[in-house]
Amino acid sequence: MIEIEINSTPKSQQRHRHTKKGFVYDPSKLDKQDLLSQMLTKAPKTPYKKAISLYLRFCMPYVKKHYRTGKFSKELKPNPPISHIYKPDIDNLLKLVMDAGNKVFWKDDSQISRVQMEKIYDNSGSTIITIVEEDDWIE
């Protein structure tokens with residue numbers, strides 16, 4: 001089992017773009033490289049070969065409207081929301097993590113057989129990733 005915490009606001013996978021000359025490029029290429037560079041400290045020596053379960057928590061920072069005003073502007077209002085129900089979509093956040101882990105944590109993201117994820121508000125943006133190989137799985 002590997003647990004990774006990325007201390008930056010989660011980013012989502014963007015759609016591939018086409019140039020006027022017909023070339024296709026991935027606008028999320030740098031985001032994937034950045035995410036992978038932060039994940040590499042916990043990478044296994046060889047990519048996992050068996051089925052994998054992923055557990056993800058995407059913590060989005062509170063926005064200005066969740067804070068009080070005036071001299072209490074650094075304090076959250078009473079009862080701020082917990083669930084983040086706005087963009088980016090949770091499936092696009094997942095795609096970026098799955099693509100970034102290819103050939104490093106797993107051979108291909110088709111090995112991922114179980115995913116559990118949540119997108120919530122937190123005081124600072126972060127992503128918590130737990131990777132469990134099938135042998136480690138305990139029901």
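Helix 2 is a good place to start in this predicted model, because so much of the fold gathers around it: the cover over its buried residues includes helix 1 (29–39), strand 4, strand 5 and strand 6. The helix itself spans residues 90–100. Its buried residues are Asn 92, Leu 93, Leu 94, Leu 96, Val 97, Met 98 and Ala 100. As you look along it, keep one rule in mind: an α-helix has 3.6 residues a turn, so residues three or four places apart point the same way.

Now step back to see where this helix sits in the chain. The protein chain has two helices and six strands, and from the N terminus on they follow the order β-β-β-α-β-α-β-β. The C-alpha atoms fill a box of roughly 55 × 50 × 25 Å along the principal axes. Of the 139 residues, 37% are buried. Take the contacts between residues at least 6 apart in sequence: 80% of them join residues at least 24 apart.

From helix 2, turn to strand 4, one of the elements that cover the helix's buried residues. Is this strand largely enclosed or open? Eight of its ten residues (52–61) are buried, so the rest of the structure largely encloses strand 4. On the way from strand 4 to strand 5 the chain passes through helix 2, and this β-α-β crossover is right-handed.

Strand 4 has pairing partners that you can trace in the structure. With strand 5 (residues 112–122) it runs parallel, and ten bridges join the two. To find this pairing by eye, look for Ser 53, whose bridge partner in strand 5 is Arg 114, and then for Met 60, which stands opposite Tyr 121 of strand 5. With strand 6 (residues 126–133), strand 4 runs antiparallel, and here eight bridges do the joining. A handy landmark for this pairing is Arg 57, with Ile 128 of strand 6 opposite. While you follow these strands, it helps to remember that in a regular strand the side chains alternate between the two faces of the sheet.

Next come the loops on either side of helix 2. Take the one between strand 4 and helix 2, where you will find Pro 78, Asn 79 and Pro 88. Pro 78 counts as exposed, because its relative accessibility is 68%, above the 50% cut-off. Its C-alpha atom is separated by 53 Å from that of Lys 21, a residue 57 places away along the chain. Asn 79 is exposed too, with a relative accessibility of 76%.

The backbone of this loop also deserves a look. Most residues other than glycine have a negative phi, and most peptide bonds are trans. Asn 79, although not a glycine, has a positive phi of about 55°. Further along, the peptide bond that joins Lys 87 and Pro 88 is cis, with omega at about 5°.

The loop between helix 2 and strand 5 holds Lys 103 and Gln 111. Lys 103 is another residue with a positive phi, here about 65°, although it is not a glycine. Its relative accessible area of 68% makes Lys 103 exposed. Gln 111 makes a nice contrast: is this residue buried or exposed? Gln 111 is buried, because its relative accessible area is 13%, under the 20% cut-off. And which residues does Gln 111 contact, leaving aside its neighbours within four places in sequence? They are Tyr 48, Lys 49, Lys 50, Ala 51, Ile 52 and Trp 106.

Finally, consider the surface and the charges. The protein chain exposes about 9400 Å², and carbon and sulfur atoms supply 52% of that area. The chain carries 24 positive and 18 negative charges, and their mean positions lie 9 Å apart.

Definitions and conventions. Residues numbered from 1 in each chain as written. Predicted model: local features only at pLDDT ≥ 70, side-chain atom pairs only at ≥ 80, totals over all residues. Heavy atoms only, no water. Helix = DSSP H or I, 4+ residues; strand = E, 2+ residues; numbered from the N terminus. Buried < 20%, exposed > 50% of the residue type's maximum accessible area, 1.4 Å probe, protein only. Contact = heavy atoms within 4.5 Å. Areas by Shrake-Rupley, 256 points an atom, 1.4 Å probe, with all protein chains shown as cover. Lys, Arg positive; Asp, Glu negative; His and termini not counted. Charge placed at Lys NZ, Arg CZ, Asp CG, Glu CD. Pairing = 2+ DSSP bridges. Right-handed = clockwise from strand over helix to strand, strands pointing away.
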